[in-house]
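The exercises below ask you to read a protein model step by step, with the structure open beside the text. Try each task before you turn to its solution.

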Amino acid sequence: MTRILHVLDHSLPAHSGYTFRTRALMKAQAAKGWEVAGVSGVRHPLPGPEVETVDGLTFYRTPAIASARSPIREWREIGALAARTEALAREWRPDLLHAHSPVLDGLAALRVGKRLGLPVIYEIRAFWEDAAVGNGTGREGDLRYRLIRAIETHAVKSADAVAVICEGLRGDLIARGVAADKIIVSPNGVDLDLFGTPPPRDDALAETLGLAASDAVIGFIGSYYDYEGIDDLIAAMPALIAAQPAARLLLVGGGPMEAALKAQAAASPVRDQIHFVGRVPHEEVERYYSLIDILAYPRKKMRLTDLVTPLKPLEAMAQGKLVAASDVGGHRELIEDGVTGSLFAPDDPAATAAALADLLSQREMWDERRRTARAFVETHRNWSSNILRYEPVYQRLLARAGK
């Protein structure tokens, strides 16, 4: 039986798009009969036991390390994760290592793979240097950015195989000189076991939030990073409400931009129609989905958003919700304008308002749009079929290793 050890930045029970993708992948592999486990690095954010089973999946933790300044800190992180992974691999005896970005995890796995003769597949969900620019901790083109990019390229060229979540990342790696046949695309998907029949509208929750049954609710559920463009969505609300007076904005989540966004909303002439909920437990998220007519994703245009596909629009489609998103590369890989969703110009509140107003004025086509989007997810973005893309790669690596 094939044994796969996933080398991770963090995992369940922490909640993020990263952990949900990992969960879906590992669950689908386990359902296929493969043995899977995960080992997380020192950045795993929640305290817990050294070995933790969550939702039927087993995760091993790397002990904390002494703090240090960058880049010594990152070098120690790689060493700590490599030591934990090697000790676990000697005991659990996996057939291959499946490392997931950021590049620190890839470098740790490559170190262990070389020592133990294990093949390594390195999966990139976003380039670390671009993610740093997106969350405001880095600047494109500076020395640190170029250094991380060079390290990432080295890791990719050293791995036995590479997986990426979208065509944008694949094209960027090919432009760096990575062989095209070394890279597979395993797109973001949805575990449809978690998205059955969408729940009915939660009238009690709506009343608590001050939302009437006649309101047309635009929603955003996720993290409040600058690149998500929530400021453009708030700026679009006066024009949207002028065109569609029943429109309301429901914002669920939190993050670095929360204080600035709340201040912006408080200064808006339609502030009473903008509702901040804050973070909610993952098991409660469905209740908020039930109140939303259109999920809006107004991501700003930058390298990160052009190259990387988000998970949230797929989850919204699986929930049977309408989707409207900015016309950036990552969204174009997921959404066909006018068919599975609506695309509007990025960084443009007026275009955002116009697209949302247009959707609200065409209620007669909502049911067909929802059905088409759900069918797209079931056919093309279902994790139970997505994992089939890994199988030939695993088999090739194992055959090469004589396993």
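**Exercise 1. In what order do the strands of the open sheet of six strands lie, and which are the edge strands?**

Step 1. Keep in mind that you are looking at a predicted model, and find the open sheet, whose six strands follow the order E11-E10-E9-E12-E13-E14 with parallel pairing.

Step 2. Look at the two ends of that order, where strand E11 (274–278) and strand E14 (342–344) each pair on one side only and are the edge strands.

Step 3. Compare the directions of neighbouring strands in this sheet, which are turned by 25 degrees against each other on average, when direction is ignored.

**Exercise 2. How many bridges join strand E9 to strand E10, and which residue of E10 stands opposite Val 217?**

Step 1. Locate strand E9 at residues 216–223 and strand E10 at residues 247–254; the two run parallel and are joined by eight bridges.

Step 2. Start from Val 217 and look across to E10, where Arg 248 stands opposite.

Step 3. Now add the helix that covers this region: H8 lies across E9, E10, E11 and strand E12 (294–297), and runs at about 165 degrees to E10.

**Exercise 3. At what angle do helix H8 and helix H14 cross, and which residues meet there?**

Step 1. Two packed helices are described by the angle and the distance between their axes.

Step 2. For helix H8 (residues 230–243) and helix H14 (residues 349–360), the axes come within 8 Å and cross at roughly 50 degrees.

Step 3. An angle between 35 and 65 degrees counts as oblique, and therefore H8 and H14 are oblique to each other.

Step 4. The crossing of these two helices, H8 and H14, is right-handed.

Step 5. On the H8 side the contact involves Asp 232, Leu 233, Ala 235, Ala 236, Ala 239, Leu 240 and Ala 243, which meet Pro 349, Thr 352, Ala 353, Leu 356, Ala 357 and Leu 360 in H14. Sorted by class, this contact of H8 with H14 holds eleven nonpolar residues, one polar and one charged.

**Exercise 4. How do H3 and helix H5 cross, and what classes of residue make their contact?**

Step 1. The axes of H3 and helix H5 (residues 143–158) come within 10 Å, and they cross at roughly 40 degrees, which makes H3 oblique to H5.

Step 2. As for handedness, H3 passes H5 in a left-handed crossing.

Step 3. From H3, the contact is made by Val 103, Leu 107 and Leu 110, and from H5 by Ile 151, Glu 152, His 154, Ala 155 and Ser 158. By class, the contact of H3 with H5 has five nonpolar, two polar and one charged residues.

**Exercise 5. Where do the cis peptide bonds at Pro 13 and Pro 102 lie, and what is the phi of Asp 55?**

Step 1. Recall that most peptide bonds are trans, and that most residues other than glycine have a negative phi.

Step 2. A cis peptide bond joins Leu 12 and Pro 13, with omega about 10 degrees, and Pro 13 belongs to the loop between strand E1 (3–8) and helix H1 (17–31).

Step 3. Ser 101 and Pro 102 are also joined by a cis peptide bond, with omega about 15 degrees, and Pro 102 is found in the loop between strand E5 (96–100) and helix H3 (103–116).

Step 4. Asp 55 is not a glycine, although its phi is positive, at about 55 degrees; Asp 55 sits in the loop between strand E3 (51–54) and strand E4 (57–61).

Note on methods
Residues numbered from 1 in each chain as written. Predicted model: local features only at pLDDT ≥ 70, side-chain atom pairs only at ≥ 80, totals over all residues. Heavy atoms only, no water. Axes fitted to C-alpha atoms, helices over the stretch in contact; angles between N-to-C directions. Helix = DSSP H or I, 4+ residues; strand = E, 2+ residues; numbered from the N terminus. Parallel < 35°, antiparallel > 145°, perpendicular 65-115°, else oblique. Left-handed = near helix turned anticlockwise from the far one by under 90°. Contact = heavy atoms within 4.5 Å. Nonpolar A, V, L, I, M, F, W, Y, C, P; charged D, E, K, R; others polar. Pairing = 2+ DSSP bridges.
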